[in-house]
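Me: I would like a close look at a single part of this structure, namely the sheet of one chain. Please explain how it is put together and what lies against it.

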Amino acid sequence: MHDDLTTRLAADLDEAFPDLVRLVQDGVYSGVLRMTGNPADAEDVTQEALVRAYRALRGYPPERIRALRPQGWIWTIAANLCRNRARARSRRPETALPAGIDAVEDRRAGTEEQAVGSLDRERLAGHLAALPWPMRAAVVLRHVVGLGYPEIAAALDRPTGTVKADVHRGLGRLRAAVESEERTA
Amino acid sequence: MSDRLTTELAGLSEGAPPAVLPAVLLRTGLADGYVRRRGPIGPVFVAFGDRGVSLVDLAGDPARFEAAARARLGRPVLPADPPPALAAAVDRAITSGRPGRLGLDLGRLSDFQTAVLHKAAEIPRGEVRSYGWVAAEIGRPGAVRAVGSALAGNPIPLIVPCHRVVRSDGTLGRYSLGGAANKPRLLEAEGVDVEGLRKLSRRGVRYLGSATTGIFCHPTCRHARRITDRHRVEFATVRDAESRGFRPCRDCRPHAA
C-alpha cells in the first residue's frame, strides 16, 4: 500500500506529502516521545523531522523516492534529532522532566482502570528513559515503533548485529527493572 | 515474560498531537495559515504564507473561506497564529491601506495583473485614480477594461487598495469586497469627498490647476486640495490644461486619455 504513496510522492511531492505526514506521524511521535521522555520535545522534534523530510525529498530523484519505505526512512532523520535533543537536555538537566508523566496523564484522564493502566505505562516509560542512548533508541524503534532490524540499523547508522544486541540487552535491563519493582511492590 | 514486556512496550505508542500536521504544512509552505483581524468595514480573514499575505476576505463562515482559499491558492489554508511581527505588519497595512514592507504573495497572478495591483498600491490614502490612469502608468493605455478585471480579482483588498481606482466619469465603479456599497464607505473613511468628486465630474471637470503654480492635478491629489478657490482652474482634459500653459503634477501624473 505504501508503493502507491511513494509513487505519488515521486510524481507530485507537494500533493502527496500531507499523506506521508498522516502515515508516519503517529509512529514518529510515539518513538520520539519514548526516546526524549518529554511531550513538548516530542512534538517539536516530530515537526522538525517531518519538515526536514520534506526538504530532503525535494532533492531526491523520483526513482529514489519510489524505492523508499517511508516509516523506516523517516527515522534516518528523526533519530539524530532525538539524540541531539537528549544531549541538549542532559546538559541542561534543570529543564528535563522525568518521563513526561504530567502531560501524558492529563491527556488520559479517564476511568479508574485507565488511570491504573496509564501508571503502569508511565513506569515502563520511566525505565525506558533510564536506558543509555543507543540501547534506548534501538528498543524503542524495535518494540514501540515496530521497525525491522535493517531499518533500525540504517536509522541509527550502526551495524545490524550491534543493533540486535542492543535490543536484546535493553529488554534484559527493562525486565530486571520491572521485576525488581514488582518484588518491592 | 518477554511477550508481556514487548506487548507493554508496543502499548507505549501515542497518537501525534493534532497540531503536528498543520504546523508541518505551514513550515514547508504546503499550506497557508489564516487569522481573523479587525478591518475598516468589519472583521476580515487574512491568509499568509512564507512569502507574505496571500488573501484577504470579509470574515464569515471559516469553512467557506477555507474552500474558496484552497481553490484560489491551490493549497489548503489552516487557522494559525502569524508570527507577532507579521501580525503587527498586517494590522498596520489594513489600517493604512498600503502594504508598506508587508510581503505580498501574488504567486498565481499574471504579470499584467501583478503590475496593476502594484500600481494600485502606490495610490496614496485619501486619493483616487481612474482605471485609465492605471492602464497608462503600466504602459498599457489601451487595456482599461483589463485593468478593471485585474482589480476585480485582487486577492488582497484593503491592503492593495483597489478601492482607490474609480471610473473616469466620477462614478466609483465595481468593488469586490462585499459589494459596490463598500467602496464609498472605504473612501469616505479615508477622507475622500465622494459627493464633491461626483459633482465635479458631472460638470465635466477631470483635473484642477493652480493659477499660481501653473500645475494641474487629479482633484484628490494632495497638491490639488491645497489650491485656494481664487486660484483654482478647472479642466476637462489633459490637452485642455496643457494648451492653456499648465504642466501636469509630478506626483499624481495626469495622463492624456
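Reply: The following account goes through the sheet of chain B strand by strand, and then turns to its surroundings.

The model is predicted. In chain B, four strands form an open sheet in the order β3-β2-β1-β4, and the pairing within this sheet is mixed. In general, the strands of a sheet pair through backbone hydrogen bonds, in either a parallel or an antiparallel manner.

The two edges are taken by β3 (52-58) and β4 (77-79) of chain B. Each of these has a single partner strand, so one side of each has no neighbour in the sheet. On average, and with direction ignored, neighbouring strands of this sheet are turned by 30° against each other.

Strand β1 of chain B shows both kinds of pairing. With β2(B) the arrangement is antiparallel: five bridges join β1, residues 32-37, to β2, residues 44-49. With β4(B) the arrangement is parallel, and three bridges join β1(B) to it.

One residue illustrates this double role. Which residues are the bridge partners of Y34(B) in β2(B) and in β4(B)? In β2(B) the partner of Y34(B) is A47(B), and in β4(B) the partner is P79(B). A further bridge between β1(B) and β2(B) can be located at R37(B), whose partner in β2(B) is V44(B).

The connection between these two strands also deserves attention. β1(B) and β2(B) form a hairpin, with six residues between them. In the turn, G42(B) has a positive phi of about 105°.

Two helices pack on the sheet. Helix α3 of chain B, residues 62-73, touches β1, β2, β3 and β4 of chain B, and the direction of this helix makes about 135° with that of β3(B). Helix α4 of chain B, residues 84-96, touches β1, β2 and β3 of chain B. The direction of α4(B) makes about 55° with that of β1(B).

Beyond the sheet, chain B also meets chain A: 22 residues of chain B are in contact with 26 residues of chain A. On the side of chain B that touches chain A, the elements giving two or more residues are α1 (2-10) and α2 (20-27) of chain B. The residues on that side of chain B comprise 13 nonpolar, six polar and three charged.

A word on confidence in the partner chain is in order. Chain A has a mean pLDDT of 86, with 83% of its residues at 70 or more. Over residues 94-110 of chain A, however, the pLDDT is below 50.

Definitions and conventions: Residues numbered from 1 in each chain as written. Chains lettered and ligands numbered in written order. Predicted model: local features only at pLDDT ≥ 70, side-chain atom pairs only at ≥ 80, totals over all residues. pLDDT = per-residue confidence, 0-100. Contact = placed C-beta atoms within 7 Å. Nonpolar A, V, L, I, M, F, W, Y, C, P; charged D, E, K, R; others polar. Pairing = 2+ DSSP bridges. Axes fitted to C-alpha atoms, helices over the stretch in contact; angles between N-to-C directions.
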